[in-house]
Amino acid sequence: MKKKLFSILLVIAMVFTLSACGGGGGNNEPASNEPSDQPAASGENLKVGVSMPTQSLQRWNQDGSNMKQQLEAQGYEVDLQYAGDNDIPTQVAQLENMISTGCQVLVIAAIDGTSLTNVVDSAKDAGIAVIAYDRLIMNTDGVAYYATFDNTLVGRMQGEYIRDTLDLDNTSGPYNLEMFTGSPDDNNIVFFFGGALEVLQPYIDSGKLVVPSGQTERDQCAIQSWSSEIAQSRMENLIAAQGYGPNGTKLDAVLCSNDSTAQGVTTALKNAGYTADNFPIITGQDCDKPSVINMKQGTQSMSVFKDTRTLAARVVLMVDSILKGTEPELNDTETYDNGTGVIPSFLCDPVVGTIDNYKELLIDSGYYTEADVTPEE
Ligand code: GAL
């Protein structure tokens with residue numbers, strides 16, 4: 001009789017022990033998906049690796065410093081690395097080092113979204129959560145979450161700016177357009193270029209918009225590494241082949257998916273004799289300082305502002321949630337399939353920036369000072 005009572009008491013004790021670890025099955029799932037009211041377990045030597053692609057393009061310097069500052073303010077240790085000037089082997093080696101030196105979370109802006117499969121797989125095997133930052137990392141289920149801006153909307157904004165500025169719905173045209181997008185190894189261009197063509201393709205199909213070069217496919221318009229120099233060279237070739245110029249073949253608009261390519265296109269057009277009085281419409285993205293200056297000087301028409309402080313803050317929230325064992329806030333669980341399935345994402349909102357609103361958008365918000373976007377005498 002005593003043995004039976006002891007066995008019953010032993011079973012009861014075991015049941016209580018398991019439920020205190022968050023449920024049975026030892027699956028380490030959090031006891032509940034409800035965000036705990038506990039603050040992030042910061043200050044417990046929790047370390048976050050932040051991997052940025054380059055310092056040669058302005059925005060990534062701001063992304064990195066914003067994240068480092070905001071994560072350290074939360075009490076995390078931060079290992080921030082820049083992979084040379086878009087050097088893939090360097091980025092892989094830096095990530096391997098982050099894994100081996102005890103980072104619990106990795107935040108990665110990939111140089112080439114297809115080049116990190118193995119290292120992200122090894123991060124997952126090591127129990128390290130990976131957040132893809134602004135650029136999706138492909139072909140690995142080691143990516144836990146994706147934090148970016150609404151990239152399709154960025155493209156749509158650029159297409160709509162061209163549509164509305166040329167007043168395509170109320171004028172007959174035809175108007176001449178050339179198109180530039182970003183690096184072929186950056187999954188984002190699928191959405192930037194695709195979003196712009198969602199707006200512009202019907203006008204190309206109707207003949208109201210004409211692309212004289214005939215280069216309308218994404219891979220024909222792609223610019224390796226988003227390089228200003230490569231964009232300038234391609235624009236120079238188009239000018240030579242099509243005879244674009246203030247007194248030559250008319251060029252009404254150039255779709256550029258970001259500011260660094262817009263800057264290269266702008267240099268080529270200036271060298272061909274265009275001035276602020278007759279410059280084609282030029283779109284961009286990132287509100288880089290040189291492009292804001294070009295907007296003030298009347299050459300670049302618009303950019304799209306993606307406040308890196310906003311994206312950094314979102315990533316900090318994701319890191320906190322992950323390390324507290326809760327699911328981060330997400331607003332897109334359908335769009336971004338990285339080849340292994342849809343990666344749950346949070347998309348921040350981009351905003352059109354022009355000469356008319358740059359002060360409110362960039363100066364009043366403290367993102368830049370007026371001196372930052374004033375050309376040196
Ligand atoms: C993209 C990013 C753009 C721009 C570009 C150049 O991935 O979404 O905002 O920064 O890279 O680096």
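Colleague: What is the order of the strands in the open sheet?

Modeller: Keep in mind that this is a predicted model. The sheet is open and has 6 strands. Read across, the order is β2-β1-β3-β4-β5-β11, and the pairing is parallel.

Colleague: Which strands are the edge strands?

Modeller: Look for strands that pair on one side only. Here they are β2 (77-82) and β11 (345-348). From one strand to the next, the twist averages 15 degrees.

Colleague: How many bridges join strand β1 and strand β3?

Modeller: There are 4 bridges, in the parallel sense. Strand β1 covers residues 47-52, and strand β3 covers residues 105-108. Take one example: G49 has L106 in β3 as its bridge partner.

Colleague: Which strands does helix α2 touch?

Modeller: Helix α2 (residues 58-73) packs on the sheet. Its contacts are with β1, β2, β3 and β4 (129-133). The direction of α2 makes about 170 degrees with that of β2.

Colleague: And α11, which strands does it lie across?

Modeller: α11 lies across β1, β3, β4, β5 (143-149) and β11. It runs at about 165 degrees to β4.

Colleague: Now the interior. How many residues are in the largest nonpolar core?

Modeller: The general idea comes before the count. In soluble globular proteins, nonpolar side chains tend to be buried together. In this model the largest nonpolar core has 37 residues. Those with the most contacts inside it are M67, L71, V107, I131, Y133 and V319. α11 gives the most to this core, with 7 residues.

Colleague: Why does this core lie between domain 1 and domain 2?

Modeller: Both domains give residues to it, so the core lies between them. Domain 1 is 2-149 + 308-343, and domain 2 is 151-305.

Colleague: What does M67 touch, not counting residues up to four places away in sequence?

Modeller: M67 touches V50, M52, V107, Y133, A312 and V315. There is also a second, separate core of 24 residues, which includes L106, I128, I137 and V143.

Colleague: Let us try one residue. Is R314 buried or exposed?

Modeller: Compare its accessibility with the cut-off. Buried means under 20% relative accessible area. R314 has 13%, so it counts as buried. Its place is in helix α11 (residues 308-324).

Colleague: What does the side chain of R314 make a polar contact with?

Modeller: The partner is the side chain of E329, at 3.2 Å. Now set aside the neighbours of R314 within four places in sequence. R314 is then in contact with E329, F346 and C348.

Note on methods. Residues numbered from 1 in each chain as written. Predicted model: local features only at pLDDT ≥ 70, side-chain atom pairs only at ≥ 80, totals over all residues. Heavy atoms only, no water. Helix = DSSP H or I, 4+ residues; strand = E, 2+ residues; numbered from the N terminus. Buried < 20%, exposed > 50% of the residue type's maximum accessible area, 1.4 Å probe, protein only. Polar contact = N/O pair within 3.5 Å; in protein donor to acceptor, adjacent residues only side chain to side chain. Contact = heavy atoms within 4.5 Å. Core = buried A, V, L, I, M, F, W, Y, C linked by side-chain atoms within 4.5 Å. Domains from an automatic or database assignment. Pairing = 2+ DSSP bridges. Axes fitted to C-alpha atoms, helices over the stretch in contact; angles between N-to-C directions.
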